[in-house]
Amino acid sequence: MARKSRLLIVEDEAAIRSGLVDVFVYHGYDVETAEHGEVGLKMALGGTFDLILLDVMLPGIDGFEICNRIRQQDRQQPVIMLTAKSSDEDIVQGLTLGADDYVAKPFSVTQLVLRVQAVLRRSAFGAAEQREIRLVNGVVVDTENLCAGGDDAKIVFTRREMDLLQYLNQQADRPVAREELLARVWGYANHMEIETRTVDIHIAKLRRKIEQDPASPQAIVTVRGAGYRLMLQAQ
Ligand code: CA
């Protein structure tokens, strides 16, 4: 029998927390919870969870700070933020700090379960396919160690950013549409109501890391009406 996926839910609202526990236990997950920010952080750093669901507004330390601290220790840990407002600022901040995805409250539990399943499917086969990706602007990406730029100017990537780069790399002969990236990198089925901004925010983060001038990108270019294309160094 397959091992149960382990989930940590950090959420201070009792009704939401117990509702989430019921749903995920029903779907076969092993679930632990925390209602306080500091307890949640300690559990997140000390345990081995397949995925962490993280509320933003928490007593003690907020979800952004927890996500930040998790990322300092483990760039591969899948995290989905539960944002109270669907304001752009919250979402952008959450994804900038390295969350894999966000779900805005009030959310559909079905959508949340689908997203959790998608993130877990993706991280299960996230192993590097190609050791190095050589970009047109001279940046060499180390896909195994999730970094680039050598020892002195080290750029680090999250697992999700690397998955995105690797998928674009496999399709480097053509631009890739946002919808395709959501389906193939995030694992979302086509019928899911998803916001393509998740892709754009991750692309913007990657550009800030690998482009000399993120405002006029050379390595990840936007092809109008078609999507994003990764530009590789000529062989
Ligand atoms: Ca809260």
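**Core, first look.** I started with the largest nonpolar core of this predicted model. I count 28 residues in it, and V141, F157, L165 and L181 are the ones that touch the most other members. Next I looked up which elements feed it: helix 6 (159–170), helix 7 (178–184), helix 8 (197–210) and strand 11 (227–230) each give two or more residues. Helix 6 supplies the largest share, five residues.

**V141.** I skipped its neighbours within four places in sequence and listed what else V141 is in contact with. That gave me R131, E132, I133, L135, C147, A148, F157, M162 and L165. So F157 and L165 turn up again, both in this list and among the core residues I noted above.

**Another core.** There's a second, separate core too, with 22 residues, A44, L58, V79 and I91 among them.

**Helix 2.** A44 took me to helix 2 (residues 37–46), where the buried residues are G37, G40, L41 and A44. Why do I say they line one face of the helix? Looking down the axis of helix 2, I see its buried residues fall within an arc of 100°, so they sit along one face. General reminder to myself: an α-helix has 3.6 residues a turn, so residues three or four places apart point the same way. Over on the other side of helix 2, K42 and G46 are exposed. As for partners, the buried residues pack against strand 1 (6–10), strand 2 (30–34), strand 3 (51–55) and helix 3 (63–73).

**T198.** Last stop was T198, in helix 8. Buried or exposed? T198 counts as buried, because its relative accessibility is 3%. Beyond its neighbours within four places in sequence, T198 is in contact with L95, D100, D101, Y102 and W186.

Key: Residues numbered from 1 in each chain as written. Predicted model: local features only at pLDDT ≥ 70, side-chain atom pairs only at ≥ 80, totals over all residues. Heavy atoms only, no water. Core = buried A, V, L, I, M, F, W, Y, C linked by side-chain atoms within 4.5 Å. Buried < 20%, exposed > 50% of the residue type's maximum accessible area, 1.4 Å probe, protein only. Helix = DSSP H or I, 4+ residues; strand = E, 2+ residues; numbered from the N terminus. Contact = heavy atoms within 4.5 Å. Arc of directions from axis to C-beta.
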